[in-house]
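Welcome! Please take a look at the sequence and the model below before reading on.

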Amino acid sequence: MINPESYIFTPGPVKMPPYIMEIGARQTPYFRNEFFSNTLLECEKLLLDLASAPIGSRVAFLTASGTGAMEAAVMNLLSTNDKAIVINGGGFGQRFVDICKCHDVAVHEHKIDGKNLADTSPLDAYAGSTALLVNAHETTKGILYDMDAIGNYCRENKLLHIVDAISMFVTDDINMRNQHIDALIISSHKGLALPPGLSMVLLSPRAIDRIGHTKSLYFNFSNYLEDGLRGQTPFTPAVTILLQLHARLKQIERDTLQHEIDKAKCIADYFRKHVSAWPLGLYSRFMPNAMTALTPTNGESASNIVKHLADRCNIVVAPNGGALQDIVFRVSHMGDMTTNYVDVLIDALDHYYGVTR
Ligand SMILES: *Cc1c(COP(=O)(O)O)cnc(C)c1O
């Protein structure tokens with residue numbers, strides 16, 4: 001049975017603050033009017049500010065999960081004439097590979113494990129590429145790539161830089177200008193701590209120039225950008241989530257983005273300082289503030305621990321699938337976390353391993 005009152009530590013959905021849940025409890029309003037237009041226009045401006053987007057950047061607001069926005073970015077910005085380097089360090093890197101293949105975009109797949117690409121020289125093997133696609137935080141393994149190094153590489157090699165920042169936006173630094181990012185993909189249900197269903201692609205002027213004719217009606221960015229000029233979308237948007245986004249962006253504006261990032265770091269550090277007492281190791285050397293990936297050091301299956309926490313403690317952490325099912329589980333630090341809330345998980349793991357502090 002799904003218990004909505006479980007303690008939630010998954011990297012999407014994440015714990016939502018009460019003021020966001022209150023908006024979700026209200027009647028969905030009509031949206032083809034000035035009030036909604038002003039709300040959407042303000043969301044666009046606030047998002048572009050948060051991402052340090054270059055002047056002239058725009059946002060496409062899509063009613064879709066994050067994968068929909070990843071696919072839309074590929075469909076609108078790349079063509080069969082492109083050759084895309086895809087950083088494939090896990091499940092989400094693989095998703096970019098699959099999307100490119102689905103749309104007949106030629107791919108140089110850079111398989112990588114346990115590295116953050118601070119050294120980009122291995123990418124020199126893919127001469128003649130036109131674009132680079134990367135998940136800034138590969139959520140299946142908890143690896144945060146070196147986006148400064150990758151950004152410089154894209155600038156030097158004139159690559160269109162498409163970044164999935166879904167699981168690190170507002171918990172970790174990302175900067176479209178400094179990191180030469182042309183398309184930044186984000187989604188509602190990770191660090192933004194809203195319900196799933198809304199995804200956004202932030203487009204630099206260079207990316208906007210690349211929008212060609214895509215074979216999609218629903219995901220045609222030209223229409224989103226044109227209607228967006230007057231604060232509207234071509235089709236019914238995720239109205240309530242957009243109102244929640246607006247409230248969340250105003251809160252971040254008040255508190256500052258740095259405060260938001262510091263808060264996530266503080267929660268991550270607090271959790272991680274307890275890990276050494278358990279037979280668990282940190283799985284990645286390059287973890288973001290957003291999440292901790294853990295691996296059992298006593299031979300126990302990671303999925304056992306996930307199951308115990310769910311069945312016995314009403315705590316949901318994220319299992320891994322496939323080959324990592326026994327090796328890794330993940331604890332998110334995104335959303336409305338407090339040290340008291342994290343203590344529930346720490347106490348449960350202390351109890352599970354017989355640790356007294
Ligand atoms: C969660 C996530 C997505 C989106 O997945 P959906 O299930 O389509 O919302 C994409 N990329 C990364 C890195 C993610 O963590």
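This report starts with the ligand and then visits a few residues and one helix.

A word on the basis: this is a predicted model, in which local features need pLDDT of at least 70, side-chain atom pairs count only at pLDDT 80 or more, and totals for chains, interfaces and linings use all residues. Residues are numbered from 1 along each chain as its sequence is written, and side-chain values use heavy atoms, with hydrogens and water left out.

## Around the ligand

The ligand is surrounded by 13 residues, of which Ser65, Thr67, Thr139, Asp164 and Lys190 are the closest. Here a residue is near the ligand if one of its heavy atoms lies within 4 Å of it. By type, this shell holds 3 nonpolar, 7 polar and 3 charged residues. In that count, Ala, Val, Leu, Ile, Met, Phe, Trp, Tyr, Cys and Pro are nonpolar, Asp, Glu, Lys and Arg are charged, and the others, Gly among them, are polar.

Helices α3 (66-77) and α4 (91-102) each supply at least two residues of the shell, and the largest share, 3 residues, comes from α3. Helices (H or I, at least four residues) and strands (E, at least two) are DSSP runs, numbered from the N terminus.

The table lists polar contacts of the ligand, where a polar contact is a pair of N or O atoms within 3.5 Å; within protein, one must be able to donate a hydrogen and the other to accept it, and residues adjacent in sequence count only if both atoms are side-chain atoms.

| Residue and part | Ligand atom | Distance |
|---|---|---|
| Gly66, backbone N or O atom | oxygen | 3.1 Å |
| Asp164, side-chain N or O atom | nitrogen | 2.6 Å |
| His189, polar side-chain atom | oxygen | 3.0 Å |

Of the 390 Å² of accessible area that the ligand has on its own, the protein covers 87%. Accessible areas come from the Shrake-Rupley method with a 1.4 Å probe; for residues, only the protein chains shown count as cover.

## Ser199 in its strand

Ser199 sits in strand β10 (residues 198-203). Is Ser199 buried or exposed? Ser199 counts as buried because its relative accessibility is 0%; buried means under 20% relative accessible area, exposed over 50%, and partly exposed in between (1.4 Å probe, protein chains only).

The side chain of Ser199 reaches the backbone oxygen of Ala64 at 2.8 Å and makes a polar contact with the side chain of Ser187, also given as 2.8 Å. Leaving aside neighbours within four places in sequence, Ser199 is in contact (heavy atoms within 4.5 Å) with residues including Phe61, Leu62, Ser65, Gly66 and Ile186.

## Helix α9 and the loop after it

Helix α9 (257-272) is next. With 16 residues, α9 reaches 23 Å from its first C-alpha to its last, close to the expected 22 Å. That expected span is 1.5 Å times one less than the number of residues. Among the buried residues of α9 are Glu260, Ile261, Ala264, Ile267 and Phe271, and their cover includes α8 (239-255), β12 (291-296) and α11 (339-353).

The loop between α9 and β11 (280-282) holds His274 as well as Lys273. His274 is buried because its relative accessible area is 10%, whereas Lys273 counts as exposed because its relative accessibility is 58%. His274 touches Ile346 and Arg357, not counting residues up to four places away in sequence.
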